[in-house]
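Open the model in your viewer and keep the selection panel at hand. This tour goes from the whole chain to single residues, one selection at a time.

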Amino acid sequence: MTYQNFSLKQLQDIDAAHHLHPFTDHKDLRAAGSRVITRAEGPFIYDSEGNELLDGMAGLWCVNVGYGRHELAEAAYAQMKELPYYNSFFRCTTPTPVLLSKKLAEIAPEGVSQVFYGSSGSESNDTALRLVRHYWALEGRPQKNIIISRKNAYHGSSVAGTSLGGMAAMHGQLGGAVPNIVHVMMPYAFELALPGEREHDFGIRAARAVEDAILEAGPDNVAAFIGEPIMGAGGVKIPPPSYWPEIQRICRKYDILLMLDEVITAYGRTGAWFAAQSMGIEPDTITTAKALTSGYQPLSALLVGERIASTLVDKGGEFYHGYTYSGHPVACAVALVNLEIIEREGLIERVRDDTGPYFRKALAERLAGHGIVGEVRSFGLMGAIEIVKDRETRERFPGDGAAAVVVRDHAIANGMMLRATGDTMILSPPLIWTRETIDMAADRIARALDLAE
Ligand code: PLP
């Protein structure tokens with residue numbers, strides 16, 4: 001059965017009849033009909049009607065090496081022919097997760113050298129949550145099990161991921177979160193800095209909210225702090241440079257583990273393999289997924305620091321946790337070649353030294369002065385554009401993010417795929433973008449802003 005035998009209308013009708021989409025209002029979807037993306041090449045995606053869109057989101061923050069990489073398809077095909085599946089339970093393993101673990105240990109921040117695989121960021125955060133609590137239990141301190149997170153954080157959509165996350169709408173539908181998770185303020189200066197408060201001081205104040213939560217719960221009851229180095233789905237919220245060093249200091253002071261969620265930021269997006277390296281953070285766990293395979297296969301890797309790993313190995317006995325697809329040989333084969341491409345093509349250095357700074361300049365020079373833009377910000381190849389009604393007062397348009405949706409729809413009509421979250425437009429393009437692609441994106445977004453104004 002090939003989709004080419006179906007008209008767009010037929011595909012939309014079948015989609016509406018049988019397919020429940022993630023994070024979607026299905027009544028809206030049925031009224032509008034799905035856009036059917038059928039192919040992609042380099043930085044572009046194409047829909048069933050032949051429309052070309054520049055993909056400003058790398059799929060969903062994942063297609064870092066761009067589309068149409070036959071090498072990745074060939075790696076999957078070769079592995080499927082030789083060994084499509086075997087597990088790594090019961091004292092077995094397969095070669096590709098072994099080699100991938102070695103590679104990840106080589107590129108990870110110092111002191112992080114063990115890997116636990118899953119198929120998604122959500123699964124990986126579930127593993128991380130279980131692992132840090134298990135760690136403290138093995139250390140004879142089972143009461144040390146509270147996790148501190150941030151409001152509006154996104155850590156996935158499973159029960160554990162939603163509980164760790166701080167999105168009010170998601171919690172509203174959860175019907176009971178995993179207990180002992182506390183949420184504190186996010187480091188979002190654009191909305192939360194006090195009048196006249198310096199960026200540095202705001203960063204320290206936001207970090208001290210974590211210290212306050214530790215003191216309130218009692219340090220003996222707190223297992224870990226979890227955070228995205230840059231909050232992604234919550235709106236590319238880049239903390240002031242003072243934030244993470246202060247978080248690190250606080251975690252050390254009270255002997256609290258530091259869990260980084262790098263599902264979006266790992267594998268080059270910030271101009272280093274990991275944002276931990278870009279920002280000088282020394283985590284105990286790092287959750288990764290998405291760009292590990294550039295989205296060509298579902299795969300996540302929880303990177304585990306030596307402190308936790310050695311306790312697990314030396315004192316742990318069996319860790320009653322794992323997934324059928326942990327260390328899937330095909331996904332790991334694809335990841336190995338994907339990391340090779342990132343390295344061979346110098347994509348990380350390019351983001352750090354060339355396209356990252358150029359992207360920042362393009363946002364600042366081409367978009368920041370627009371009449372409905374309150375702020376632009378970026379780090380590596382992640383960016384945000386705040387949509388406001390009034391640039392001076394930062395008053396938002398009415399309708400809870402409706403204005404950003406209008407900008408997004410104009411952008412799509414102008415050949416630019418980007419995302420609206422709340423009142424923020426977000427960008428997270430493939431790392432293969434060049435200066436020319438950045439210029440093209442800036443032109444198309446500027447046009448969308450003009451049309452929305
Ligand atoms: N953590 C972060 C920071 C994410 O951005 C995401 C997804 O966007 C996840 C976790 C969940 O990953 P997945 O959708 O693969 O479960």
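The stops below run from overall shape to domains, sheet, ligand shell and two chosen residues.

**Whole protein**

Start with everything shown as cartoon. This is a predicted model. The protein's secondary structure amounts to 17 helices and 15 strands. Its radius of gyration is 22 Å, close to the 22 Å that the globule rule gives for 453 residues, so the protein is as compact as a globular protein of that length. Switch to the C-alpha trace. Along the principal axes, that trace spans about 60 × 60 × 45 Å.

Now colour by burial. Of the 453 residues, 49% count as buried. Then draw the contacts between residues at least 6 apart in sequence: 72% of them join residues at least 24 apart.

**Two domains**

Colour by domain next. Domain 1 takes 35-65 and 346-452, and domain 2 takes 72-344. Domain 1 is thus written as two segments, with domain 2 as one. Put a distance between the two C-alpha centres: they lie 26 Å apart. The contact takes 26 residues from domain 1 and 22 residues from domain 2.

Stay on the domain 1 side of that contact. Select α3 (58-61), α15 (347-367), β11 (373-379), β12 (382-387) and β15 (424-427); each supplies at least two residues of the side that touches domain 2. Which element gives the most to this side? That is α15, with five residues. Recolour this side of domain 1 by class: 13 residues are nonpolar, nine polar and four charged.

**A four-strand sheet**

Select β1, β2, β3 and β13. These four strands form an open sheet in the order β1-β2-β3-β13, with mixed pairing. The edges are β1 (37-41) and β13 (416-417); each has a single partner strand, so one side of each is left without a neighbour in the sheet.

Turn on backbone hydrogen bonds here. Strands of a sheet pair through such bonds, either parallel or antiparallel. Take β2 (residues 44-47) and β3 to begin with: they run antiparallel and are joined by three bridges. Pick Tyr 46 and look across to its bridge partner in β3, Glu 52.

Follow the chain round the turn. β2 and β3 form a hairpin with four residues between them. Click Gly 50 in that turn and read its phi: the angle is positive, about 90°.

Then move to the other pairing of β3. Is the sense parallel or antiparallel between β3 (residues 52-55) and β13? The pairing is parallel, over two bridges. Leu 54 stands opposite Met 416 in β13.

**The ligand and its shell**

Centre on the ligand and select what surrounds it. The shell holds 16 residues; Ser 120, Gly 121, Ser 122, Gly 156 and Val 263 come nearest. Colour the shell by class to find five nonpolar, nine polar and two charged residues. Helix α6 (residues 121-138) gives the most to the shell, with three residues.

**Glu 123, in helix α6**

Keep helix α6 on screen and select Glu 123, which has its place there. Buried or exposed? Glu 123 counts as buried, since 24 C-beta neighbours lie inside 10 Å and the cut-off for burial is 20 or more. Show its contacts. Leaving out residues up to four places away in sequence, Glu 123 touches Gly 118, Ser 158, Ser 300 and Tyr 323. Add Leu 299 as well: Glu 123 and Leu 299 are 176 residues apart in sequence, yet their C-alpha atoms are 9.8 Å apart in space.

Two of those contacts, Gly 118 and Ser 300, lead to the next selection. Gly 118 stands opposite Ser 300 in β10. Select β4 (residues 112-118), where five of seven residues are buried. β4 pairs with strand β10 (residues 300-305) in the antiparallel sense, over six bridges.

**Ala 217, in helix α10**

For the last stop, select helix α10 (residues 199-217), where Ala 217 has its place. Ala 217 has 15 C-beta neighbours inside 10 Å, so this residue counts as partly exposed. Leaving aside neighbours within four places in sequence, its contacts are Ile 146, Val 182 and Val 222. Finish with a distance from Ala 217 to His 200: the two are 17 residues apart along the chain, and their C-alpha atoms are separated by 27 Å.

Key: Residues numbered from 1 in each chain as written. Predicted model: local features only at pLDDT ≥ 70, side-chain atom pairs only at ≥ 80, totals over all residues. Rg over C-alpha atoms; globule rule 2.2 N^0.38 Å. Buried ≥ 20, exposed ≤ 12 C-beta atoms within 10 Å, placed from the backbone. Contact = placed C-beta atoms within 7 Å. Near = placed C-beta within 6 Å. Nonpolar A, V, L, I, M, F, W, Y, C, P; charged D, E, K, R; others polar. Pairing = 2+ DSSP bridges. Domains from an automatic or database assignment.
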